[in-house]
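This report covers the fold, the salt bridges and a surface patch of one protein chain. The sequence and the structure come first.

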Amino acid sequence: VISLKVLSPDHVHLLRGNHETEEINEVYGFKGQCMKYFGDANGTKVWWIINRVFDDFPLAALLDGKMFCAHGGIPRLGPSGKDDRLEILENQSFWTKFRDAS
């Protein structure tokens, strides 16, 4: 999908979802796939580099000034089983995961 963005940057728009985080894509096998195809040491490096690319994906977009696009949600239920997404976003340490875009 990233190659489509490179080939057609004005027509392909990529957004960050829950699988574009290290914690989730490692659990669901992306790191293992990288290690399988590139070997343990190189695979870990490839996985890490791709996750840095994911870090730069936008969380949402406005297309043509009228279409709002976002991932369906990144739910993380806390120990109590409640939806704690707002608390996560209000926690300043959450934002240190992302690099300054300026």
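A salt bridge is here a side-chain nitrogen of Lys or Arg within 4 Å of a carboxyl oxygen of Asp or Glu. By that criterion the structure, which is a predicted model, holds four salt bridges.

## Overall architecture

Six helices and two strands make up the secondary structure of the chain. Read from the N terminus, the order of elements is α-α-α-α-β-β-α-α.

The chain has 102 residues, of which 22% are buried. Its exposed surface comes to about 7700 Å², and carbon and sulfur atoms supply 62% of that area. Among contacts with a separation of 6 or more, 49% are between residues 24 or more positions apart.

## Helix α4

Helix α4 covers residues 40–55. With 16 residues at 1.5 Å a residue, α4 should span 22 Å, and this agrees with its end C-alpha atoms, which are 22 Å apart. The expected figure rests on 1.5 Å times one less than the number of residues.

The buried residues of this helix are Gly 43, Trp 47, Asn 51, Arg 52, Phe 54 and Asp 55. They pack against α1, α2 and α3, the last of these being residues 30–38. Two of the buried residues, Arg 52 and Asp 55, also take part in salt bridges, as set out next.

## A network of salt bridges

Side chains of opposite charge can pair when their charged atoms come close. In this model Arg 16, Glu 22, Arg 52 and Asp 55 are linked in a network of salt bridges.

Arg 16 and Asp 55 form one of the pairs, with an N to O distance of 3.5 Å. Arg 16 sits in the loop between α1 and α2 (22–27), whereas Asp 55 belongs to helix α4, so this salt bridge ties together parts that are 39 residues apart in sequence. Both residues of the pair are buried.

In a further pair, Arg 52 meets Glu 22, and their closest N and O atoms are 2.4 Å apart. This pair also links distant parts of the chain, since Arg 52 is in helix α4 and Glu 22 in helix α2, 30 residues apart. Arg 52 has a relative accessible area of 17% and is therefore buried, the cut-off being under 20%. Glu 22, at 25% relative accessibility, counts as partly exposed.

Asp 55 and Arg 52 also form a salt bridge with each other, at 2.9 Å from N to O. Here both partners lie in helix α4, three residues apart, which is about one turn of the helix. Asp 55 and Arg 52 are both buried.

## A nonpolar surface patch

Which residues form the nonpolar patch on the surface? They are Ile 2, Val 6, Trp 48, Ile 49 and Val 53, and together they have about 480 Å² of accessible area.

Helices α1 (2–7) and α4 each supply at least two residues of the patch. The greatest contribution is that of α4, with three residues. Val 6 is placed in helix α1. Its relative accessibility is 63%, so Val 6 counts as exposed, given a cut-off of over 50%.

Helix α4 thus appears in two settings: it gives three residues to the nonpolar patch, and its buried residues pack against α1, α2 and α3.

How values were computed
Residues numbered from 1 in each chain as written. Predicted model: local features only at pLDDT ≥ 70, side-chain atom pairs only at ≥ 80, totals over all residues. Heavy atoms only, no water. Patch = residues over 30% accessible without salt bridge, like charges linked within 9 Å, V, L, I, M, F, W, Y side chains within 5 Å. Areas by Shrake-Rupley, 256 points an atom, 1.4 Å probe, with all protein chains shown as cover. Helix = DSSP H or I, 4+ residues; strand = E, 2+ residues; numbered from the N terminus. Buried < 20%, exposed > 50% of the residue type's maximum accessible area, 1.4 Å probe, protein only. Contact = heavy atoms within 4.5 Å.
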